Amino acid sequence: MTEYKSEFLKTLDSRGFIKQVTHPAELDAYCATGTPAAYIGFDATADSLHVGSLLQIMMLRHFQRCGGKPVVLMGGGTTKVGDPTDKDKSRPLLTDEQIASNIAGIKKAFEPFLKFGDGPTDAIMVNNDDWLSKIGYVEFLRDYGVHFTINTMIKQETVERRLRNEQPYTFLEFNYMLLQAYDFLELHRRYGVRLQLGGSDQWGNIINGVELTRRVAGGEAYGLTSPLITTASGGKMGKTADGAVWLNADRKSPYEYWQFWRNTEDADVGRFLRLFTDLELGEIEALERLQGAEVNHAKIALANAATTLLHGANAASESAEAAKAVFGAGASADALPTVEVPQSELDAGMLVAAAFVAAGLAGSNGEARRLIKQGAAKVNDVLVSDQNGTLGAADLIDGAIKLSAGKKRHALVKAN
(Lines give C-alpha, C1' and ligand atoms only; values in the text may rest on other atoms or scores of the structure.)
Protein backbone atom coordinates (compact mmCIF):
# COMPACT_ATOMS: atom_id res chain seq x y z
CA MET A 1 0.00 0.00 0.00
CA THR A 2 1.42 3.35 -1.06
CA GLU A 3 2.09 5.83 1.75
CA TYR A 4 0.96 9.18 0.39
CA LYS A 5 1.99 12.52 1.87
CA SER A 6 -0.52 14.90 0.25
CA GLU A 7 -3.83 15.36 2.03
CA PHE A 8 -5.79 14.69 -1.15
CA LEU A 9 -4.25 11.32 -1.99
CA LYS A 10 -4.28 10.25 1.67
CA THR A 11 -7.99 11.06 1.80
CA LEU A 12 -8.79 9.17 -1.41
CA ASP A 13 -6.69 6.21 -0.34
CA SER A 14 -8.21 5.92 3.13
CA ARG A 15 -11.76 6.12 1.80
CA GLY A 16 -11.32 3.58 -1.04
CA PHE A 17 -11.33 5.84 -4.10
CA ILE A 18 -8.08 4.78 -5.75
CA LYS A 19 -7.85 2.06 -8.38
CA GLN A 20 -4.96 3.15 -10.66
CA VAL A 21 -2.44 6.01 -10.60
CA THR A 22 0.21 7.18 -13.06
CA HIS A 23 3.49 8.55 -11.66
CA PRO A 24 2.32 8.22 -8.01
CA ALA A 25 5.34 9.91 -6.40
CA GLU A 26 5.24 12.89 -8.80
CA LEU A 27 1.48 13.24 -8.42
CA ASP A 28 1.75 13.10 -4.63
CA ALA A 29 4.31 15.93 -4.71
CA TYR A 30 2.13 17.98 -7.09
CA CYS A 31 -0.93 17.62 -4.86
CA ALA A 32 1.07 18.64 -1.78
CA THR A 33 2.25 22.00 -3.11
CA GLY A 34 0.60 25.20 -4.37
CA THR A 35 -2.88 24.98 -5.88
CA PRO A 36 -3.11 21.84 -8.03
CA ALA A 37 -5.74 21.69 -10.78
CA ALA A 38 -7.65 18.55 -11.79
CA TYR A 39 -10.56 17.76 -14.07
CA ILE A 40 -13.18 15.17 -14.83
CA GLY A 41 -15.18 15.09 -18.06
CA PHE A 42 -18.93 14.45 -18.26
CA ASP A 43 -20.70 13.97 -21.56
CA ALA A 44 -24.16 15.53 -21.89
CA THR A 45 -26.18 12.45 -22.83
CA ALA A 46 -29.07 13.23 -20.43
CA ASP A 47 -30.43 16.27 -18.59
CA SER A 48 -29.21 14.98 -15.22
CA LEU A 49 -26.38 12.87 -13.86
CA HIS A 50 -27.20 9.82 -11.78
CA VAL A 51 -25.66 8.06 -8.82
CA GLY A 52 -23.21 6.32 -11.15
CA SER A 53 -21.45 9.69 -11.54
CA LEU A 54 -21.51 10.54 -7.83
CA LEU A 55 -18.17 8.86 -7.13
CA GLN A 56 -16.46 11.22 -9.59
CA ILE A 57 -18.22 14.25 -8.13
CA MET A 58 -17.10 13.23 -4.64
CA MET A 59 -13.48 13.01 -5.84
CA LEU A 60 -13.69 16.61 -7.08
CA ARG A 61 -15.29 17.59 -3.77
CA HIS A 62 -12.39 16.08 -1.79
CA PHE A 63 -9.93 17.71 -4.17
CA GLN A 64 -11.40 21.15 -3.52
CA ARG A 65 -11.55 20.58 0.25
CA CYS A 66 -7.86 19.65 0.17
CA GLY A 67 -6.89 22.94 -1.54
CA GLY A 68 -7.15 22.01 -5.21
CA LYS A 69 -9.01 23.74 -8.07
CA PRO A 70 -11.62 21.46 -9.68
CA VAL A 71 -12.39 21.83 -13.37
CA VAL A 72 -15.69 20.28 -14.47
CA LEU A 73 -15.45 19.59 -18.19
CA MET A 74 -18.77 19.35 -19.99
CA GLY A 75 -18.49 17.34 -23.18
CA GLY A 76 -20.53 19.55 -25.47
CA GLY A 77 -18.19 18.58 -28.30
CA THR A 78 -17.47 14.94 -27.48
CA THR A 79 -21.17 14.24 -26.93
CA LYS A 80 -21.57 14.86 -30.65
CA VAL A 81 -19.30 11.85 -31.19
CA GLY A 82 -20.47 9.60 -28.34
CA ASP A 83 -18.17 7.84 -25.88
CA PRO A 84 -17.95 4.19 -27.02
CA THR A 85 -16.22 3.07 -23.81
CA ASP A 86 -17.85 -0.05 -22.36
CA LYS A 87 -20.65 0.12 -24.93
CA ASP A 88 -21.66 -2.66 -27.30
CA LYS A 89 -23.28 -0.34 -29.83
CA SER A 90 -23.14 3.27 -30.95
CA ARG A 91 -24.95 5.86 -28.87
CA PRO A 92 -27.69 7.86 -30.60
CA LEU A 93 -26.43 11.23 -31.79
CA LEU A 94 -27.99 14.32 -30.21
CA THR A 95 -28.70 17.73 -31.71
CA ASP A 96 -26.94 20.89 -30.54
CA GLU A 97 -30.18 21.99 -28.86
CA GLN A 98 -30.51 18.70 -26.95
CA ILE A 99 -26.89 18.89 -25.79
CA ALA A 100 -27.27 22.49 -24.59
CA SER A 101 -30.44 21.58 -22.68
CA ASN A 102 -28.72 18.57 -21.08
CA ILE A 103 -25.74 20.67 -19.96
CA ALA A 104 -28.10 23.17 -18.30
CA GLY A 105 -29.71 20.32 -16.37
CA ILE A 106 -26.43 18.68 -15.39
CA LYS A 107 -25.05 21.91 -13.92
CA LYS A 108 -27.61 21.65 -11.13
CA ALA A 109 -26.07 18.42 -9.84
CA PHE A 110 -22.70 20.01 -9.07
CA GLU A 111 -23.83 23.05 -7.11
CA PRO A 112 -24.42 21.25 -3.78
CA PHE A 113 -21.00 19.56 -3.92
CA LEU A 114 -18.60 22.22 -5.21
CA LYS A 115 -18.05 25.93 -4.65
CA PHE A 116 -17.94 27.72 -7.99
CA GLY A 117 -16.45 31.18 -8.48
CA ASP A 118 -13.36 33.16 -9.40
CA GLY A 119 -11.19 32.31 -6.39
CA PRO A 120 -7.98 30.26 -6.65
CA THR A 121 -9.65 27.05 -5.41
CA ASP A 122 -13.14 27.78 -6.74
CA ALA A 123 -14.43 25.26 -9.25
CA ILE A 124 -15.05 26.22 -12.86
CA MET A 125 -17.19 24.55 -15.50
CA VAL A 126 -16.01 24.59 -19.12
CA ASN A 127 -17.31 23.11 -22.36
CA ASN A 128 -14.99 21.27 -24.76
CA ASP A 129 -17.14 22.38 -27.68
CA ASP A 130 -15.44 25.76 -27.23
CA TRP A 131 -12.27 24.33 -28.79
CA LEU A 132 -13.27 21.07 -30.49
CA SER A 133 -15.70 22.82 -32.83
CA LYS A 134 -12.96 25.19 -33.96
CA ILE A 135 -10.12 22.81 -34.78
CA GLY A 136 -9.30 22.09 -38.42
CA TYR A 137 -9.45 18.42 -39.32
CA VAL A 138 -6.27 18.29 -41.39
CA GLU A 139 -4.32 20.42 -38.90
CA PHE A 140 -5.55 18.23 -36.02
CA LEU A 141 -4.44 15.02 -37.75
CA ARG A 142 -1.05 16.52 -38.64
CA ASP A 143 -0.33 17.91 -35.19
CA TYR A 144 -1.76 15.17 -32.97
CA GLY A 145 -2.56 12.09 -35.05
CA VAL A 146 1.14 11.28 -35.25
CA HIS A 147 1.16 10.58 -31.48
CA PHE A 148 -1.37 7.72 -31.72
CA THR A 149 -0.85 4.31 -33.30
CA ILE A 150 -3.62 2.08 -34.61
CA ASN A 151 -1.75 -0.84 -33.02
CA THR A 152 -2.37 0.58 -29.56
CA MET A 153 -5.85 1.95 -30.21
CA ILE A 154 -7.34 -1.38 -31.32
CA LYS A 155 -6.03 -3.03 -28.15
CA GLN A 156 -8.35 -0.93 -25.99
CA GLU A 157 -10.92 -3.25 -24.44
CA THR A 158 -13.98 -1.65 -26.03
CA VAL A 159 -12.50 -1.70 -29.54
CA GLU A 160 -11.17 -5.22 -29.14
CA ARG A 161 -14.52 -6.53 -27.89
CA ARG A 162 -16.52 -4.90 -30.69
CA LEU A 163 -14.16 -6.26 -33.33
CA ARG A 164 -14.10 -9.70 -31.74
CA ASN A 165 -17.90 -9.85 -31.70
CA GLU A 166 -18.10 -8.41 -35.23
CA GLN A 167 -20.11 -5.45 -33.94
CA PRO A 168 -19.88 -2.14 -35.81
CA TYR A 169 -17.29 0.29 -34.48
CA THR A 170 -17.60 3.47 -36.47
CA PHE A 171 -14.75 5.75 -37.46
CA LEU A 172 -16.63 8.52 -35.65
CA GLU A 173 -16.34 6.59 -32.36
CA PHE A 174 -12.73 5.69 -33.12
CA ASN A 175 -11.92 9.40 -33.02
CA TYR A 176 -13.33 9.79 -29.50
CA MET A 177 -10.15 8.73 -27.75
CA LEU A 178 -8.13 11.31 -29.72
CA LEU A 179 -10.54 14.08 -28.82
CA GLN A 180 -10.58 13.16 -25.13
CA ALA A 181 -6.78 13.11 -25.06
CA TYR A 182 -6.76 16.52 -26.73
CA ASP A 183 -9.09 17.82 -24.02
CA PHE A 184 -6.39 17.16 -21.41
CA LEU A 185 -3.81 19.02 -23.49
CA GLU A 186 -6.15 21.97 -24.02
CA LEU A 187 -7.04 22.18 -20.31
CA HIS A 188 -3.34 22.03 -19.47
CA ARG A 189 -2.68 24.98 -21.78
CA ARG A 190 -5.67 27.06 -20.70
CA TYR A 191 -5.92 26.36 -16.97
CA GLY A 192 -2.70 24.63 -15.96
CA VAL A 193 -4.50 21.33 -15.34
CA ARG A 194 -2.12 18.46 -14.67
CA LEU A 195 -4.44 15.73 -13.36
CA GLN A 196 -7.37 13.87 -14.91
CA LEU A 197 -9.65 11.87 -12.63
CA GLY A 198 -12.16 9.26 -13.76
CA GLY A 199 -13.54 5.77 -13.43
CA SER A 200 -11.32 2.80 -14.18
CA ASP A 201 -13.24 2.19 -17.44
CA GLN A 202 -11.61 5.43 -18.65
CA TRP A 203 -8.04 4.32 -17.87
CA GLY A 204 -7.04 3.88 -21.52
CA ASN A 205 -8.43 7.28 -22.50
CA ILE A 206 -6.76 8.94 -19.51
CA ILE A 207 -3.39 7.41 -20.37
CA ASN A 208 -3.74 8.79 -23.91
CA GLY A 209 -4.27 12.28 -22.52
CA VAL A 210 -1.39 12.02 -20.07
CA GLU A 211 1.02 10.89 -22.78
CA LEU A 212 -0.17 13.45 -25.36
CA THR A 213 0.18 16.32 -22.88
CA ARG A 214 3.66 15.22 -21.86
CA ARG A 215 4.81 14.84 -25.45
CA VAL A 216 3.29 17.97 -26.97
CA ALA A 217 3.44 20.43 -24.07
CA GLY A 218 6.44 18.93 -22.33
CA GLY A 219 4.56 19.36 -19.07
CA GLU A 220 3.75 17.19 -16.12
CA ALA A 221 0.50 15.28 -16.49
CA TYR A 222 -1.05 12.58 -14.33
CA GLY A 223 -4.04 10.26 -14.22
CA LEU A 224 -5.97 8.64 -11.39
CA THR A 225 -8.96 6.31 -11.58
CA SER A 226 -11.50 5.04 -9.09
CA PRO A 227 -12.91 1.51 -9.03
CA LEU A 228 -16.19 0.79 -10.77
CA ILE A 229 -18.79 0.36 -8.05
CA THR A 230 -21.14 -2.61 -7.86
CA THR A 231 -23.26 -3.75 -4.94
CA ALA A 232 -22.24 -6.67 -2.71
CA SER A 233 -24.69 -8.91 -4.59
CA GLY A 234 -23.12 -7.91 -7.92
CA GLY A 235 -25.80 -5.47 -9.04
CA LYS A 236 -25.13 -2.24 -10.88
CA MET A 237 -24.74 0.77 -8.61
CA GLY A 238 -27.79 3.02 -8.78
CA LYS A 239 -30.04 0.51 -10.54
CA THR A 240 -33.48 0.08 -8.92
CA ALA A 241 -36.90 -1.19 -9.88
CA ASP A 242 -37.77 2.34 -10.94
CA GLY A 243 -34.69 2.81 -13.13
CA ALA A 244 -31.69 5.11 -12.65
CA VAL A 245 -31.23 7.08 -9.43
CA TRP A 246 -30.97 10.62 -10.80
CA LEU A 247 -29.35 13.46 -8.88
CA ASN A 248 -31.71 16.23 -9.98
CA ALA A 249 -34.75 16.59 -7.71
CA ASP A 250 -37.11 16.90 -10.67
CA ARG A 251 -36.02 13.42 -11.80
CA LYS A 252 -35.77 11.72 -8.39
CA SER A 253 -37.36 13.28 -5.32
CA PRO A 254 -35.36 13.73 -2.08
CA TYR A 255 -37.54 11.06 -0.45
CA GLU A 256 -36.85 8.56 -3.23
CA TYR A 257 -33.15 9.44 -3.05
CA TRP A 258 -33.15 8.90 0.73
CA GLN A 259 -34.88 5.54 0.29
CA PHE A 260 -32.28 4.44 -2.24
CA TRP A 261 -29.50 4.82 0.34
CA ARG A 262 -31.65 3.39 3.14
CA ASN A 263 -32.07 0.25 1.04
CA THR A 264 -28.30 -0.36 0.83
CA GLU A 265 -27.24 -3.97 1.36
CA ASP A 266 -25.71 -4.68 4.77
CA ALA A 267 -22.32 -5.56 3.28
CA ASP A 268 -22.11 -2.24 1.40
CA VAL A 269 -22.92 0.22 4.19
CA GLY A 270 -19.37 0.93 5.41
CA ARG A 271 -17.96 1.22 1.90
CA PHE A 272 -20.72 3.59 0.78
CA LEU A 273 -20.34 5.72 3.92
CA ARG A 274 -16.67 6.23 2.99
CA LEU A 275 -17.35 6.97 -0.67
CA PHE A 276 -20.56 8.96 -0.65
CA THR A 277 -20.58 10.98 2.59
CA ASP A 278 -18.39 13.46 4.46
CA LEU A 279 -18.65 11.57 7.75
CA GLU A 280 -15.32 11.19 9.57
CA LEU A 281 -13.65 7.78 9.37
CA GLY A 282 -13.91 7.31 13.13
CA GLU A 283 -17.68 7.72 13.01
CA ILE A 284 -17.91 5.38 10.02
CA GLU A 285 -15.86 2.72 11.83
CA ALA A 286 -18.22 2.92 14.80
CA LEU A 287 -21.22 2.46 12.49
CA GLU A 288 -19.49 -0.52 10.83
CA ARG A 289 -19.29 -2.30 14.18
CA LEU A 290 -23.07 -2.43 14.51
CA GLN A 291 -24.51 -5.92 14.23
CA GLY A 292 -27.89 -7.48 13.50
CA ALA A 293 -30.86 -5.15 13.43
CA GLU A 294 -28.63 -2.28 14.57
CA VAL A 295 -27.13 -2.18 11.07
CA ASN A 296 -30.29 -0.26 10.17
CA HIS A 297 -28.95 2.68 12.23
CA ALA A 298 -25.91 2.75 9.92
CA LYS A 299 -28.18 2.66 6.85
CA ILE A 300 -30.20 5.57 8.16
CA ALA A 301 -26.97 7.49 8.88
CA LEU A 302 -25.90 6.82 5.28
CA ALA A 303 -29.26 7.94 3.88
CA ASN A 304 -29.27 11.09 6.02
CA ALA A 305 -25.69 12.06 5.17
CA ALA A 306 -25.98 11.37 1.42
CA THR A 307 -29.32 13.17 1.13
CA THR A 308 -28.04 16.14 3.13
CA LEU A 309 -25.12 16.54 0.73
CA LEU A 310 -27.36 16.70 -2.34
CA HIS A 311 -30.67 18.11 -1.13
CA GLY A 312 -29.88 19.71 2.24
CA ALA A 313 -30.47 18.83 5.89
CA ASN A 314 -34.17 19.74 5.86
CA ALA A 315 -34.91 17.42 2.95
CA ALA A 316 -32.99 14.60 4.66
CA SER A 317 -34.89 15.10 7.92
CA GLU A 318 -38.26 15.23 6.18
CA SER A 319 -37.43 12.08 4.20
CA ALA A 320 -36.41 10.23 7.36
CA GLU A 321 -39.64 11.23 9.10
CA ALA A 322 -41.72 10.17 6.11
CA ALA A 323 -39.98 6.79 6.03
CA LYS A 324 -40.46 6.32 9.76
CA ALA A 325 -44.20 6.74 9.31
CA VAL A 326 -44.22 3.68 7.05
CA PHE A 327 -41.42 1.47 8.32
CA GLY A 328 -40.58 2.81 11.78
CA ALA A 329 -42.05 2.36 15.23
CA GLY A 330 -45.82 2.19 15.16
CA ALA A 331 -46.04 1.15 11.54
CA SER A 332 -48.61 -1.50 10.76
CA ALA A 333 -46.35 -3.61 8.57
CA ASP A 334 -47.08 -6.74 10.65
CA ALA A 335 -50.73 -6.55 9.61
CA LEU A 336 -49.93 -6.52 5.90
CA PRO A 337 -50.31 -9.69 3.79
CA THR A 338 -46.92 -11.30 3.37
CA VAL A 339 -45.56 -13.62 0.70
CA GLU A 340 -42.16 -15.32 0.69
CA VAL A 341 -40.10 -15.79 -2.47
CA PRO A 342 -36.79 -17.61 -2.91
CA GLN A 343 -33.74 -15.47 -2.20
CA SER A 344 -32.33 -16.70 -5.52
CA GLU A 345 -35.18 -14.98 -7.39
CA LEU A 346 -34.34 -11.63 -5.83
CA ASP A 347 -30.62 -12.15 -6.41
CA ALA A 348 -31.33 -12.81 -10.09
CA GLY A 349 -33.68 -9.83 -10.38
CA MET A 350 -37.39 -10.57 -9.95
CA LEU A 351 -39.79 -8.73 -12.27
CA VAL A 352 -41.85 -6.17 -10.37
CA ALA A 353 -44.88 -7.43 -12.27
CA ALA A 354 -44.22 -11.01 -11.11
CA ALA A 355 -43.86 -9.82 -7.52
CA PHE A 356 -47.27 -8.12 -7.69
CA VAL A 357 -48.76 -11.37 -8.97
CA ALA A 358 -47.06 -13.44 -6.24
CA ALA A 359 -48.32 -11.00 -3.58
CA GLY A 360 -51.89 -11.25 -4.86
CA LEU A 361 -52.03 -7.61 -5.92
CA ALA A 362 -52.48 -8.51 -9.61
CA GLY A 363 -53.98 -11.50 -11.38
CA SER A 364 -51.34 -11.63 -14.12
CA ASN A 365 -48.15 -9.98 -15.30
CA GLY A 366 -50.22 -8.08 -17.85
CA GLU A 367 -52.52 -6.72 -15.14
CA ALA A 368 -49.49 -5.74 -13.05
CA ARG A 369 -47.97 -3.90 -16.00
CA ARG A 370 -51.24 -2.02 -16.48
CA LEU A 371 -51.05 -0.92 -12.84
CA ILE A 372 -47.56 0.39 -13.51
CA LYS A 373 -48.65 2.14 -16.70
CA GLN A 374 -51.53 3.79 -14.81
CA GLY A 375 -49.21 5.08 -12.09
CA ALA A 376 -50.85 2.87 -9.47
CA ALA A 377 -47.91 0.62 -8.52
CA LYS A 378 -45.35 1.46 -5.85
CA VAL A 379 -42.34 -0.35 -4.39
CA ASN A 380 -41.42 0.79 -0.88
CA ASP A 381 -43.77 3.75 -1.41
CA VAL A 382 -41.87 4.85 -4.53
CA LEU A 383 -43.84 5.02 -7.78
CA VAL A 384 -42.73 2.46 -10.38
CA SER A 385 -42.56 3.68 -13.99
CA ASP A 386 -40.68 0.85 -15.73
CA GLN A 387 -43.07 -1.95 -16.75
CA ASN A 388 -40.09 -4.30 -17.05
CA GLY A 389 -38.42 -3.18 -13.80
CA THR A 390 -36.95 -5.72 -11.42
CA LEU A 391 -36.58 -6.16 -7.67
CA GLY A 392 -33.37 -7.24 -5.97
CA ALA A 393 -31.93 -7.80 -2.52
CA ALA A 394 -31.09 -4.07 -2.38
CA ASP A 395 -34.83 -3.30 -2.26
CA LEU A 396 -35.31 -5.15 1.04
CA ILE A 397 -35.98 -2.88 4.01
CA ASP A 398 -35.77 -4.67 7.35
CA GLY A 399 -36.07 -7.93 5.43
CA ALA A 400 -39.15 -7.01 3.39
CA ILE A 401 -40.23 -5.16 0.26
CA LYS A 402 -43.51 -3.24 0.47
CA LEU A 403 -45.72 -3.38 -2.63
CA SER A 404 -48.70 -1.08 -3.11
CA ALA A 405 -51.46 -1.24 -5.72
CA GLY A 406 -53.33 2.02 -5.48
CA LYS A 407 -53.82 3.69 -2.10
CA LYS A 408 -55.46 0.87 -0.13
CA ARG A 409 -53.93 -2.45 -1.26
CA HIS A 410 -50.54 -3.33 0.18
CA ALA A 411 -48.42 -6.45 0.70
CA LEU A 412 -44.94 -7.43 1.81
CA VAL A 413 -42.49 -9.63 -0.07
CA LYS A 414 -39.88 -11.43 2.00
CA ALA A 415 -37.01 -13.69 0.94
CA ASN A 416 -36.57 -17.23 2.22
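I take a residue as buried when its relative accessible area is under 20%, and I keep in mind throughout that this is a predicted model.

**Helix α4.** With that cut-off I looked up helix α4 and found Ile-99, Asn-102, Ile-103, Gly-105, Ile-106, Ala-109 and Phe-110 to be its buried residues. I then checked the length of α4, which covers residues 96–110: its 15 residues reach 22 Å from the first C-alpha to the last, close to the 21 Å expected at 1.5 Å a residue. Looking for what covers the buried residues of α4, I noted β2 (37–43), α3 (54–65), β3 (69–75), β4 (124–127) and α15 among the elements.

**Helix α15.** That led me to α15, residues 295–311, where 17 residues at 1.5 Å a residue should span 24 Å, and I found the end C-alpha atoms 24 Å apart, which agrees. Its buried residues are Val-295, Asn-296, Ala-298, Lys-299, Leu-302, Ala-303, Ala-305, Ala-306, Thr-307, Leu-309 and Leu-310. Just after the helix, I noted that Gly-312 takes a positive phi of about 100 degrees.

**Asn-296.** I paused at this residue of α15, and asked why Asn-296 counts as buried. Its relative accessibility is 18%, and the limit for buried is under 20%, so Asn-296 qualifies. Leaving out residues up to four places away in sequence, I found Asn-296 touching Arg-262 and Asp-398. From Asn-296 to Leu-310 I counted 14 residues in sequence and 21 Å in space, C-alpha to C-alpha.

**Cores.** Next I turned to the largest nonpolar core, which has 94 residues, and in which Phe-8, Leu-197 and Trp-261 touch the most other members. Helix α10 (residues 176–191) gives this core its largest share, nine residues. For Leu-197 I listed the contacts beyond four places in sequence, which are Phe-8, Ala-38, Tyr-39, Ile-40, Met-59, Leu-60, Ile-206 and Leu-224. Apart from the largest core lies another, of 24 residues, including Val-339, Ala-362, Val-379 and Ala-411.

**Sheet.** Last, I traced an open sheet of five strands, in the order β9-β15-β14-β11-β12 and with mixed pairing. Which strands stand at its edges? They are β9 (338–341) and β12 (382–383), and each has a single partner strand, so one side of each is left without a neighbour in the sheet. Within the sheet I followed β14 (residues 400–405) and β15 (residues 409–415), which pair in the antiparallel sense over six bridges, and I noted Val-413 in β15 as the bridge partner of Ile-401.

Conventions
Residues numbered from 1 in each chain as written. Predicted model: local features only at pLDDT ≥ 70, side-chain atom pairs only at ≥ 80, totals over all residues. Heavy atoms only, no water. Helix = DSSP H or I, 4+ residues; strand = E, 2+ residues; numbered from the N terminus. Expected span 1.5 Å × (residues − 1). Buried < 20%, exposed > 50% of the residue type's maximum accessible area, 1.4 Å probe, protein only. Contact = heavy atoms within 4.5 Å. Core = buried A, V, L, I, M, F, W, Y, C linked by side-chain atoms within 4.5 Å. Pairing = 2+ DSSP bridges.
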